[in-house]
Every structure is written in C-alpha cells, then in structure tokens.
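Please look over the model shown here together with its ligand. The report that follows is meant to be read with the structure open beside it.

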Amino acid sequence: MTPKINNEVKQLQLSGIRQFFNRIQGIDDMISLTIGQPDFATPEHIKKAAIQAIQNNYTSYTHNAGFLELREAISHFMKIKYELEYNPANEIIVTNGASQAIDTALRTVLNPGDEVLLPSPVYPGYAPIISQCGAKAVFVNTTNLNFKLTADLLRDHLTPATSCIILPYPSNPTGVSLDKTELQAIADLAVQHDLIVIADEIYSELVYDQPHVSIGTMIKDRTIVINGLSKSHAMTGWRIGVLLAPEWLAKECIKVHQYNVSCASSVSQMAAFAAYTAGINDAFPMREEYAKRRAITGQHLRRLGFRTIEPDGAFYFLAGIPSSLSSFDFAVKAAEEARVGMVPGTAFDPNGEGFVRISYACSQDSLNEAFSRLELFLQK
Ligand SMILES: Cc1ncc(COP(=O)(O)O)c(C=O)c1O
C-alpha cells in the first residue's frame with residue numbers, strides 16, 4: 001500500500017528534546033535538570049473539587065468554551081492579576097492545556113504562505129503547527145540581545161507575508177521576559193504592520209522581580225492571550241488551558257476548538273474553578289521556592305564558568321556551556337559521565353547551539369548534588 005500520510009506531517013521530526021531523552025535513557029542514578037513541569041503536587045483543595053465533581057456526576061460535555069461560572073472566574077482572575085478585560089460570555093475559551101490553545105489560535109489565524117515571527121531559541125511547540133497550516137516559522141535570533149525580542153529585531157524580519165508574531169513570555173527555555181516599554185514597542189509595530197499577536201503567557205504567575213505585563217492590555221483587538229493552570233497550579237496532567245481573544249477572533253477560534261475537542265474535561269474544569277477562585281494565589285508559595293532555587297542555580301552556574309542571563313520568570317536557565325563541545329555532545333557527556341541531565345539548546349532550534357537548558361523544578365538538594373557532580377566532570 002502507498003503510505004497515505006499528509007505531506008506536512010511526513011516532514012515533521014521527533015522533537016529534539018525527545019531525541020535527546022531517547023539517547024540518554026537507561027542511565028542509572030541520574031539527576032535530571034531537564035524537567036519542564038512543576039515538581040509540586042496539585043493543591044489539595046483543587047484535588048478535592050475534582051473528586052467532588054466525579055461524585056456529583058459532573059461528567060458530561062460542558063459548553064464548548066467551558067462552563068460559564070468557570071469563564072467568569074477566569075475573567076475575574078485575569079482582571080485582578082494582569083488588568084486584562086475579557087467578557088466571559090464570548091471572549092474566553094477553556095482548552096486542553098495551553099498546547100491546544102496554541103493549536104487553536106494558529107489554525108484560526110494562519111493561511112498557507114503566511115510567515116510567523118517568533119523569538120529564538122524558543123519552545124518547540126509552535127513551529128510544527130505553523131508548518132501544518134502551510135505557513136512558515138521565521139526564527140528571530142535573540143542570542144546577541146540577552147534573549148530579548150525587540151521591535152527592531154522583528155522589523156528586520158518583516159516581509160509582505162508576515163501575518164503574526166508569537167510572544168512567549170516569560171520564556172521557555174530562557175526565562176527572560178519583556179517589560180511594559182518593550183512590549184509597547186512591539187504592540188506599536190503590530191498595529192503599524194497589521195499583525196496578529198499570539199502571547200503565550202503560561203508562566204505569567206512565575207515571575208520573580210517585576211510584575212507580569214500582558215500585551216493583551218495594549219492591543220487586545222489583535223491579540224490572542226494564552227494561559228492556563230499547568231505551571232501556576234502544578235496541574236500539567238489536568239490539561240486546562242485558557243484562550244483569551246476579542247470577540248471577533250474568539251468566535252472564529254471556538255469553531256476550531258469545537259470541531260477538534262468539543263470541550264475540556266468536565267472534571268478538570270471543576271478543578272480549574274477551584275484554582276481560579278479559592279486558589280487564586282496558590283502559585284505564591286511555589287514561586288517563593290523557585291526563587292530560592294533560581295538563586296542557588298545561578299550561583300553554581302557562574303562558579304562553574306557557565307554564561308548566564310538572569311531569568312525573570314519560569315524555572316529555567318539557558319546557560320552558555322564552558323566547553324568547545326557542541327550542546328548535544330556536552331549534554332550527552334554530562335549525562336553519561338556526571339549523571340546530570342540537561343537539555344541541549346539545539347533541542348529548541350539551531351540558535352540554541354552553545355547553550356544547555358537547566359530546569360530548577362527540582363529540590364535544592366538535587367540542585368546542589370547535581371552541581372557537585374558537574375564540578376568534578378568539568379575538572380576532568
Ligand atoms: C511556553 C510553553 N507554552 C505552552 C506549554 C504547554 O502547556 P500545557 O501543558 O498547558 O499544554 C509549555 C509547556 O512546557 C510551555 O513551556
């Protein structure tokens with residue numbers, strides 16, 4: 001039989017992170033600084049709300065966009081946290097994690113031939129969807145600007161085909177964020193060139209020094225904001241994301257969402273209601289702990305000669321390696337010889353060469369032990 005596979009799907013590669021994990025699997029007693037999710041348990045009151053939902057048979061389909069009281073709670077949360085104004089009736093969609101919100105947003109706005117600008121190195125979840133839409137991901141290298149995406153850099157990459165900018169801040173893998181002035185310059189550019197902005201703000205509750213600013217407060221009419229509970233409430237497995245868009249865009253997004261998944265899990269939605277009401281500040285104690293780990297990790301990295309750019313948020317450093325090896329070889333060697341796992345920067349895209357991503361979503365003891373091992377490894 002001729003394999004009947006969509007051409008774009010055929011071209012997709014296993015993610016670089018997966019390839020790396022396949023390579024290092026089976027190494028005993030490894031400390032993994034590769035983790036892309038919180039190492040905390042979901043708060044108890046959220047788990048109880050889900051158990052109650054099951055016991056009360058809250059197990060049917062909900063409204064496609066999520067049940068209304070949940071959308072009202074999300075609207076309130078986004079208002080008091082980030083001054084975002086979204087109408088729960090028609091501007092908020094509850095999705096299966098931020099991942100599905102990203103998928104829905106891109107499939108809603110992109111046409112074949114469109115170009116999408118995104119900072120690089122960047123989370124690898126966007127480009128495969130862009131290409132499945134027949135559009136093109138244009139990576140804007142931020143490595144010479146301390147991983148800051150600027151309006152000027154973006155301007156250099158504009159073409160008549162540019163239709164959209166992805167703004168993932170705070171960033172995975174760099175931890176870097178953008179402040180109000182930097183965002184305003186990008187907002188002005190988006191207006192000037194009639195671009196849509198997709199702002200992936202999944203780490204917005206995990207910022208350490210400055211409050212999170214959303215570009216949705218500046219140019220709501222052309223922005224899709226993506227958020228969710230995976231990182232803020234240690235709920236990656238519950239699959240709750242949020243898509244916020246002005247009514248004219250949300251009413252198109254809901255079609256894509258509806259035909260794709262109908263709705264997010266009803267039980268998880270009940271858990272999300274608890275998170276967005278009683279659990280409004282659940283991220284705070286986790287954030288405090290991450291801040292301590294950020295300090296420990298930064299000190300160790302600098303002591304061992306890694307080049308660091310202080311992350312503003314999330315739980316990652318993208319650190320320059322103190323070695324002439326490629327990122328991939330360095331990370332494999334560190335895993336095999338020091339038994340410390342780090343993600344090679346090239347897992348994000350070619351501009352990640354020379355860097356490794358180090359996650360501090362693990363205990364302080366694990367961090368200290370991992371860096372002791374790395375110290376011995378580097379001495380060799
Ligand atoms: C920047 C970014 N966006 C989206 C996601 C996906 O989030 P979710 O698990 O809610 O789908 C991740 C997960 O690591 C991420 O780092």
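The text below turns to the ligand site, then to the annotated domain, and last to some details of the backbone.

**The ligand and its surroundings**

This is a predicted model, and the values given here are computed from its atoms. The ligand takes up the space of the largest pocket. Around the ligand there are 13 residues, among which S99, D200, S230, K231 and R239 come nearest. By character, the residues of this shell divide into 6 nonpolar, 4 polar and 3 charged. When the shell is considered by secondary structure, helix α5, which spans residues 97-109, gives the largest share of it, with 4 residues.

Three contacts to oxygen atoms of the ligand can be listed side by side, one from a backbone atom and two from side chains.

| Residue | Atom on the protein side | Distance to a ligand oxygen atom |
|---|---|---|
| A98 | backbone N or O atom | 2.8 Å |
| S99 | polar side-chain atom | 2.5 Å |
| K231 | side-chain N or O atom | 2.7 Å |

Of the 400 Å² of accessible area that the ligand has on its own, the protein covers 92%. S99 thus appears both among the residues that come nearest to the ligand and in the table, where its polar side-chain atom lies 2.5 Å from a ligand oxygen atom; K231 is likewise one of the nearest residues, with a side-chain N or O atom 2.7 Å from an oxygen atom of the ligand.

**The annotated domain**

An unreviewed UniProt entry lists residues 29-374 as "domain: Aminotransferase class I/classII large". In the model, this span is 39% helix and 16% strand, and its end C-alpha atoms lie 14 Å apart.

**Backbone details**

Which peptide bonds that lead into a proline are cis? One is the bond from S120 to P121, with omega near 5°, and P121 lies in the loop that runs between β3 (115-120) and α6 (127-132). Another is the bond from N172 to P173, with omega near 25°, and here P173 is found in the loop between β5 (162-168) and α8 (180-192).

D29, a residue other than glycine, has a positive phi, near 55°. Its place is in the loop between α2 (16-24) and β1 (31-32), and the residue number 29 is also where the span listed by UniProt begins.

Notes
Residues numbered from 1 in each chain as written. Predicted model: local features only at pLDDT ≥ 70, side-chain atom pairs only at ≥ 80, totals over all residues. Heavy atoms only, no water. Near = heavy atom within 4 Å. Polar contact = N/O pair within 3.5 Å; in protein donor to acceptor, adjacent residues only side chain to side chain. Areas by Shrake-Rupley, 256 points an atom, 1.4 Å probe, with all protein chains shown as cover. 1 Å grid on protein atoms, 1.4 Å probe; cavity = no way out; pocket = protein on both sides within 12 Å on 5 of 7 lines; lining within 4 Å. Sits in = over half its atoms within 2 Å of the grid points. Helix = DSSP H or I, 4+ residues; strand = E, 2+ residues; numbered from the N terminus. Nonpolar A, V, L, I, M, F, W, Y, C, P; charged D, E, K, R; others polar. UniProt positions renumbered as here; feature names shortened; annotations may be inferred.
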